[in-house]
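Biologist: Please take a close look at one part of this model, the open sheet of three strands, and then place that part within the rest of the protein.

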Amino acid sequence: MVLRILAIALISVLAACSLGNKLTFGDKFLGAPTEEHVAEPKEWVAATDWSNPEAMTVLITEYEFQPSRLVLEAGKPYRLKIINRGAFKHTFSSSGFFKSIAVRHLVAAAGKTYLPVVSRLVFEPDEEKELLFVAVRTGEHKLECTAPLHFPLGPWAASGTITVE
Ligand SMILES: [Cu+2]
């Protein structure tokens with residue numbers, strides 16, 4: 001009896017989680033930069049020469065980022081392509097990194113978003129997105145997948161670091 005109640009409770013929790021994920025689990029943008037973000041991203045974007053950004057590609061698979069370590073230079077523009085080569089949905093989450101850059105635009109299947117304040121990018125299998133940004137502040141940031149059960153210490157953790165020097 002106790003077991004049955006536990007099983008029902010567990011199923012309800014899982015159902016609630018997956019419903020919640022379906023509703024809310026997508027790219028996340030903020031309306032405006034917070035105090036922890038680069039101030040005036042628009043000014044940074046306007047002051048940057050976009051004629052020759054350095055191209056980088058990160059592949060997401062089960063369960064790692066390739067490469068798992070990115071080293072960027074402050075003041076330089078980048079064209080970062082992120083592709084999910086896995087069979088499952090994954091995220092490219094690095095709050096510290098997103099706070100230390102100014103994004104010119106994000107290219108996704110739905111189109112281009114100019115000057116987004118990105119908080120999290122989510123990828124369906126085979127989905128790819130491109131982020132044009134200038135690295136502004138130096139620091140070392142954790143990169144992780146925050147899909148359910150994929151988070152660091154979760155059983156299917158993809159993780160890495162992004163360093164801005
Ligand atoms: Cu994942």
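**The three-stranded sheet and its surroundings**

Modeller: Arg 69 has Thr 161 of β12 as its bridge partner. Strands and helices here are DSSP runs numbered from the N terminus, with at least two residues (E) for a strand and at least four (H or I) for a helix. This is a predicted model, in which local features need pLDDT of at least 70 and side-chain atom pairs count only at pLDDT 80 or more, while totals for chains, interfaces and linings use all residues. Residues are numbered from 1 along each chain as its sequence is written.

A second bridge to β12 places Val 71 opposite Thr 163. In total, β4 and β12 pair in the parallel sense over four bridges; two strands count as paired if DSSP finds at least two bridges between them. β11 and β12 run antiparallel and are joined by six bridges, and His 141 has Ile 162 of β12 as its bridge partner. The result is an open sheet of three strands in the order β4-β12-β11, with mixed pairing. Because β4 (69-72) and β11 (139-144) stand at the edges with a single partner strand each, one side of each has no neighbour in the sheet. The twist averages 15° from one strand to the next, where axes are lines fitted to C-alpha atoms (for helices over the stretch in contact) and angles run from 0 to 180 degrees between N-to-C directions.

The protein has three helices and 12 strands. Another open sheet, of six strands, has the order β3-β2-β5-β10-β7-β8, and its pairing is also mixed. Its edge strands, β3 (64-66) and β8 (111-114), each pair on one side only. In this sheet the twist averages 20° from one strand to the next. Within it, β5 (residues 77-84) pairs with β10 in the antiparallel sense over seven bridges, and Pro 77 has Val 134 of β10 as its bridge partner.

Val 134 also belongs to the largest nonpolar core, which has 28 residues; Ile 101, Ala 102, Val 103, Phe 133, Val 134, Ala 135 and Val 136 have the most contacts inside it. Such a core is a set of buried Ala, Val, Leu, Ile, Met, Phe, Trp, Tyr and Cys residues joined through C-beta atoms within 7 Å. A residue is buried if 20 or more other C-beta atoms lie within 10 Å of its own, exposed if 12 or fewer, and partly exposed in between, with C-beta atoms placed from the backbone. The elements giving two or more residues to this core include β12 (159-164) of the three-stranded sheet, together with β7 (101-108) and β10 (128-135). Beyond four places in sequence, Ala 102 touches Val 38, Pro 41, Trp 44, Val 45, Phe 133, Val 134 and Val 136; contact requires C-beta atoms, placed from the backbone, within 7 Å.

Phe 29 lies in β1 (residues 28-30). Phe 29 counts as partly exposed because it has 15 C-beta neighbours inside 10 Å. Phe 29 contacts Pro 116, Val 117, Val 118 and Ser 119, leaving aside neighbours within four places in sequence. Across the protein, buried residues make up 27% of the 165 residues.

Definitions and conventions
Two residues are in contact if their C-beta atoms, placed from the backbone, lie within 7 Å.
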